[in-house]
Structure formats: structure tokens, C-alpha cells
Amino acid sequence: MKNSRRKKRISPRGAALIVVLVGITILTIFIQDMAYRGSVELILARNQRDELKAHYHARSGIQFSRLMLALQKQIEQIKIPSLSGLLGITNTTTNDFGGYMPQSLSIQLWRLAKIDCYLTNLLWEFDETPQADGLASTCFDVTISDEEERLNLNQLDAPDLKTSIALAQLLSLIGDKKYNFIYEPLESGSSPITPTEIIQNIRDWIDENTSASTLNLSGQGPPFLDGFSDENYYYSSKYVPHYHAKNARFDSLDELYMVHGIDDRFMAVFGDRLTVFPSINSRLNINTDDPVLLELAIRSVADPLKPDPRLQNPFFVEGLIEHIRQLKVMAGFALSVQDFVELLKAAGIATNSAITANTQNQRYLGDSSSTFRIHSLGTSGTVKRTLTAVVRMDKEPLGQIVYYREE
């Protein structure tokens, strides 16, 4: 009887061990969770710190670029003759382009200098202390491009003479037969659009009236005439949701996607050659690096009444463009309009009297700019931030920002 009672008793010695093991397990989970949360918060705080540093380094790149461009405007006020100009040399060798040598030196400081944090460290002898966490040091890298080396679409709603020049340049650019594939419809049954229709649609988007425009290519009277149809026909009936033409000038190139006939194909080919930011009185800069726009500048100087058949030869045009690029390097990466006209004359190309009569005050082409696009990439560790700003240097000492975008 006593043995059976002893067998029913349960010993309490193992319960304490179980409690301890459960407690240790819970405590371990709790500590691991705290450690994980702490590491995540540390990474988030580090990323936020790097994002902030990258952002402000990108802003530093923009501000330093504005300082560089302000210095460039001062340099442009100084007329520096080139070595050939001092020696009175106009032609050196005889070749297909006459061998003309630039007579003036146009230093493009913003093209010559690589603008980044290493330049600022060199100028101010600043040595950044390495980060304690071992990440890469912060830096910025800037790319500056000239907005006036592009065609200004807002000039299609300028005074008649300026509009005529912009119309001729734009029609020559987008009307080239090699770009015909852009205007073919993507959907079967749709009718193709023409370059002239696209130009008319751009004009209708920015002019003040609501009637559709028509081109006047006769050379007599205004370049655009008011038609009788509704400029909002496609926007109010074909597109969903419906909308209307802006009837005001473009504020950015993104607005072009809202103009009927302009799509990704058009922007992929011409987007980098168009702008809306400079003044409507700006002129196409002959110092563009774009071969298509440089060819357009050559055709703008050529006399339309005495067309040179060699300009229809792509090999001749390509050689002439390469020759101009070589002369630009010799002249400080830029040519004056006078030098540009003279080298075309030396190549035997008849020039437009409207330009040659007064190369400084003509309204077709220019050799210096006041509007620039600044693309600044700020880096901190593995984080990168990109800022894009368009600056008008004719407004304030350091320029006025007319467009700003963060990416």
C-alpha cells in the first residue's frame, strides 16, 4: 500500500530546469529582436545621413557651377586674339576648306574644367576626413551643357522675323527625309503625321488663340496664319482624359508629350536638340557639339539663293564639321560668328548676306550663351542623388534658376 502511494508522487526537481530553459529562450528571442531592430535603425539612420549628404553635395555642385559660369561671363568680355590673329595669318594650308585660321580666342572655361569635388579640394586645399564606418567619401560630379546650342521652341511664338528663323531651322531639322520613319503611325488604320503638322501643333499649343495655325512658306507676310478649324479637336475628342491646348509658352520639355503628334520616337531623336528655357531673343549657338545642329548652323549661314551642291554631299558636310571641330579646339573650344562665317567663305560656300552684313547683330546665330543646364550627381557612400537645374546667367550675378528637378 505504501509503495503504491510513493509511485503516485511527482518529483518537483525537473520543473525548475524547464522554467529556466523557457526563460532563457524568451530572453534570447527578445535580445535578438532588439539587436535586429537596432541594426535596422542604424542602417536606416546611415542611409538617411548619406541621402542628406549626397543631396547637399549635389547642390554644392550646382552652386559651384553657377560661380564658374559667372566667371565665364566675365571672360567673354575680354577679347583675346589668337596666335594667328596676332600674326595676321588667315590661311595656312590649302585644302578642301581653304585652311582658314581663327583670328580670336574664345576660352570656354566651363568646357575646359572638370567640375567635381576634387577640383574644389584642389582650389581650397580641403582634405575630407575619412568616414569612421569605412564607407566611400562623399563627392559630386557636374556636367554642364549649353541650352542655346539647341532649338528654342518658344520662338515659334516670337515676333515674325524671329519666328521665321526658328521655323526654318526647326523645319530643316525635323523635316529631313532620313527621319520619315518617325512619323509613320504605330497602329494600323491611323493616318501618318507630317513634320509641318507637328510644327503647327506646337505653335497652336503656345499661341494665344484657339484656332488652328497654318504655315506660310511663301516668304511674304507672317510665317503662321490663323486657320478656321479648332486647335483642340484632337485633345477634346480623341484623347482621354480630355484637355485643351495650353495657349502659353512651354515651361519644360515634358509638356511636349501633350502636343498631338509627339511621342517617344520623336523625343528619342530630337529631345536633346530642343529647348524651351532661353529667352525668345536667343540665337542658335554655332559652338554646339551636336553634328546635326552644327550642320543646321552651316546651312543657316549658306546663301539660300545660291545653294552649294556640296552641302547635299554627306561626306563633304561630315568633313567640314570635323574641320570646324578642330578649329574650335585651337580657338579655346569656341569660334566667333565672324570666324565661323570666314571659314565657310574660305571653303567656297556662298554665305547669306543677312548674316555677313552684320555678323555681330544679326539674329540667326550666336557664339556665346546665357542659359545653361547643370546636371549634378552627389554621392555619399552607396547613395546617389541627381539634381538638374537650368540657369539664366543674364538675370543675376550668379544666374537665375528657371528649372529645377530632383531625381
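Which residues form one aromatic cluster with Trp205? In this predicted model, the partners of Trp205 in that cluster are Tyr235, Tyr239 and Tyr243. Let's look at the ring pairs, and then at the helix that carries Trp205.

**Aromatic pairs**

Across the whole structure, a search turns up 10 aromatic pairs. One of them joins Tyr233 and Tyr234: the ring centres are 5.2 Å apart and the planes stand at 75 degrees, over the 60 degrees required, so this pair is edge-to-face. Two members of the cluster, Tyr239 and Tyr243, also pair up, but here the rings are stacked, with 5.9 Å from centre to centre and 25 degrees between the planes.

How accessible are some of these tyrosines? The table gives their values.

| Residue | Relative accessibility | Class |
|---|---|---|
| Tyr233 | 45% | partly exposed |
| Tyr234 | 35% | partly exposed |
| Tyr239 | 24% | partly exposed |

Tyr239 counts as partly exposed because its 24% lies between the 20% and 50% limits.

**Helix H7**

Trp205 is one of the buried residues of helix H7, which runs over residues 195–206. From the first C-alpha to the last, the 12 residues of H7 reach 17 Å, close to the 16 Å expected at 1.5 Å a residue.

H7 is mostly covered, with 10 of its 12 residues buried. Besides Trp205, the buried set includes Pro195, the isoleucines Ile198, Ile199, Ile202 and Ile206, and also Arg203 and Asp204. What covers these buried residues? The cover includes helices H6 (160–174), H8 (233–237) and H9 (264–270), together with strands S5 (211–215) and S6 (224–230).

Methods: Residues numbered from 1 in each chain as written. Predicted model: local features only at pLDDT ≥ 70, side-chain atom pairs only at ≥ 80, totals over all residues. Heavy atoms only, no water. Phe/Tyr/Trp six-rings, centres within 6.5 Å; stacked < 30°, edge-to-face > 60°. Buried < 20%, exposed > 50% of the residue type's maximum accessible area, 1.4 Å probe, protein only. Helix = DSSP H or I, 4+ residues; strand = E, 2+ residues; numbered from the N terminus. Expected span 1.5 Å × (residues − 1). Contact = heavy atoms within 4.5 Å.
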